[in-house]
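What follows is a walk through one protein structure, from its aromatic contacts to a sheet and a covered helix. Please keep the sequence and the model in view while reading.

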Amino acid sequence: MEPNIKQYYCAVDLGATSGRIIVSPVDGGEMEVVRRFPNGIKESDGMFFWDMDFLIGEITTGLRQLAEQKDIRIVSIGVDTWGCDMIFLDANGKPLAQPRAYRDPYTTGMIEEYCKAISLEEVYNRTGIQFMPFNTLFQLFACHKQNYEPFLKAAHYLFIPDYINYVLSGRMACEYTILSTSQFLNPYTKQIDSELIEKAGAKMECFAEIVMPGTVLGNLRSEIADFGYDIPVIAVAGHDTASAVAAVPAQEGEHYAYLSSGTWSLMGIVSEKPIISARSRELNFTNEGGINGTTRVLKNITGMWILEQCRKEWAAQGKDYSYPEIMQMFEEATSATVFNTDDDAFANPPSMLTAINEYCKEHSLPTPRNDAEVVRSIFESLAARYKTVFGWLQELAPFKIEKLYVIGGGARNTLLNTLTEKALGIPVIAGPTEATALGNIKIQDPPESSLSYSKKTTI
């Protein structure tokens with residue numbers, strides 16, 4: 001190789017609102033964002049879809065831009081996305097329709113309908129997955145009950161990152177961590193539960209071979225982007241949260257929990273085995289796949305969603321508070337009301353400020369008197385909720401949790417992290433903020449590395 005050629009890993013990181021193509025030097029230099037593009041759910045005839053043609057086009061464009069740069073060499077590519085959703089393909093591997101999106105209401109009532117044949121307790125005991133209407137099991141069942149034509153005609157079912165991997169490499173596979181979001185994976189055998197599939201009206205033969213994170217699927221097809229050399233496409237942890245947790249900078253043997261912190265939060269531990277019990281079901285903890293065959297035992301928590309909704313309302317009133325101003329408001333507030341941030345009242349109300357006031361009245365709590373007290377109440381309430389969930393997690397964990405790693409955008413929220421450390425009584429370590437992309441790349445690069453992230457850099 002020429003001395004001036006620099007080698008990079010490439011991560012395709014897709015979220016529900018945007019996508020990115022990121023590269024990171026093999027020698028451990030800074031990560032760089034190559035291309036950003038929007039994403040969003042599309043509506044057609046009352047159904048909600050992802051525009052995979054657009055997403056594949058953007059990924060292809062980004063890779064071709066890289067191929068034009070002769071002073072770099074891409075050594076591998078990995079893809080991560082959100083969980084649960086699938087695309088149906090015909091016998092020739094062609095999509096029969098765009099994939100339905102998890103926010104499509106076609107799964108409404110499907111949990112109750114499905115569980116007429118097999119109990120909620122039995123489904124949880126077999127999978128360890130919390131019940132959400134959009135879990136893949138209930139999406140497939142809804143397709144069956146509604147005679148959805150692409151589902152009926154399908155010869156292949158692929159999760160979103162698996163489909164992108166197939167387009168890039170030509171090989172169909174079912175990656176373990178993305179499969180674990182489905183609610184039909186047996187977390188002990190790491191195989192699909194055929195009885196759950198049959199009761200959903202789906203076909204076992206439509207699933208591809210299950211592979212573990214780090215599996216090389218094949219080389220990038222030259223039709224996608226012709227680099228003039230072979231580039232392996234690697235099945236990284238296809239579920240974005242699994243990739244993010246893979247980036248936690250813990251040392252071997254550490255007893256820790258993680259908090260993936262942002263608009264929504266996930267608190268959990270990495271366990272060698274699933275934790276499935278009547279208590280874990282009661283507390284609504286879920287067991288999802290991690291790297292090296294591990295299980296991520298975690299719970300969803302409301303994160304900065306409540307504050308962000310309040311900020312939108314304030315901005316509409318002409319009070320566009322910046323984050324430094326928010327921090328100052330916290331300090332200036334003379335009192336705070338602690339409320340349950342995970343209450344259904346705060347899920348998606350027409351007015352978050354009204355929802356807070358009404359919740360306080362209904363629960364005989366002091367109502368925040370001004371914007372500053374609203375801010376302080378939200379932060380104090382989040383820290384209190386983290387403490388509650390941490391207590392439940394410690395109850396389930398097979399070890400004493402000694403520290404908490406905060407990853408994702410919330411790692412920058414020094415105020416909330418400080419409050420969390422005080423509430424939990426254990427050290428809180430912040431970072432990395434770009435955990436998902438970093439985890440994606442670290443799985444491509446198994447040995448320990450010093451990969452870091454540069455916020456606003458492009459090739």
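One aromatic cluster is formed by Phe-88, Tyr-148, Phe-151, Tyr-157, Phe-184 and Phe-207. The model in which this cluster appears is a predicted one. Tyr-148, a member of the cluster, also has a charged neighbour: Arg-100 lies over the face of its ring, at 4.7 Å from the ring centre. A second arrangement of this kind involves Arg-376, which sits over the face of Phe-330 at 4.0 Å from the ring centre.

Counted over the structure, there are 21 aromatic pairs. One of them joins Phe-346 and Tyr-359: the ring centres are 5.3 Å apart and the planes make 45 degrees, so the pair is tilted. The reasoning rests on two cut-offs, since planes under 30 degrees apart count as stacked and those over 60 as edge-to-face, with the rest taken as tilted. This pair links distant parts of the chain, with the two positions 13 residues apart in numbering. Phe-346 belongs to the loop between helix 12 (323-332) and helix 13 (352-362), whereas Tyr-359 is in helix 13 itself. Are these two residues buried or exposed? Phe-346 is buried, because its relative accessible area is 2% and the limit for a buried residue is under 20%. Tyr-359, with a relative accessible area of 8%, is buried as well.

Next comes the sheet. Six strands make up an open sheet with mixed pairing, in the order 17-18-16-15-19-20. Its edges are strand 17 (286-289) and strand 20 (428-430), each of which pairs on one side only. On average, and ignoring direction, neighbouring strands of this sheet are turned by 30 degrees against each other. Helix 15 (residues 414-424) packs on the sheet, where it touches strand 19 (403-407) and strand 20. The direction of helix 15 makes about 160 degrees with that of strand 20.

Within the sheet, strand 15 (residues 256-261) pairs with strand 16 (residues 264-271) in the antiparallel sense, over four bridges. Which residue of strand 16 is the bridge partner of Tyr-258? The partner is Gly-268.

The last element to look at is helix 16, which spans residues 435-444. This helix is mostly covered, with nine of its ten residues buried. The buried residues of helix 16 are Ala-435, Thr-436, Ala-437, Leu-438, Gly-439, Asn-440, Ile-441, Ile-443 and Gln-444.

Technical notes:
Residues numbered from 1 in each chain as written. Predicted model: local features only at pLDDT ≥ 70, side-chain atom pairs only at ≥ 80, totals over all residues. Heavy atoms only, no water. Pairing = 2+ DSSP bridges. Axes fitted to C-alpha atoms, helices over the stretch in contact; angles between N-to-C directions. Contact = heavy atoms within 4.5 Å. Phe/Tyr/Trp six-rings, centres within 6.5 Å; stacked < 30°, edge-to-face > 60°. Buried < 20%, exposed > 50% of the residue type's maximum accessible area, 1.4 Å probe, protein only. Lys NZ or Arg CZ within 6 Å of the ring centre and 35° of its normal.
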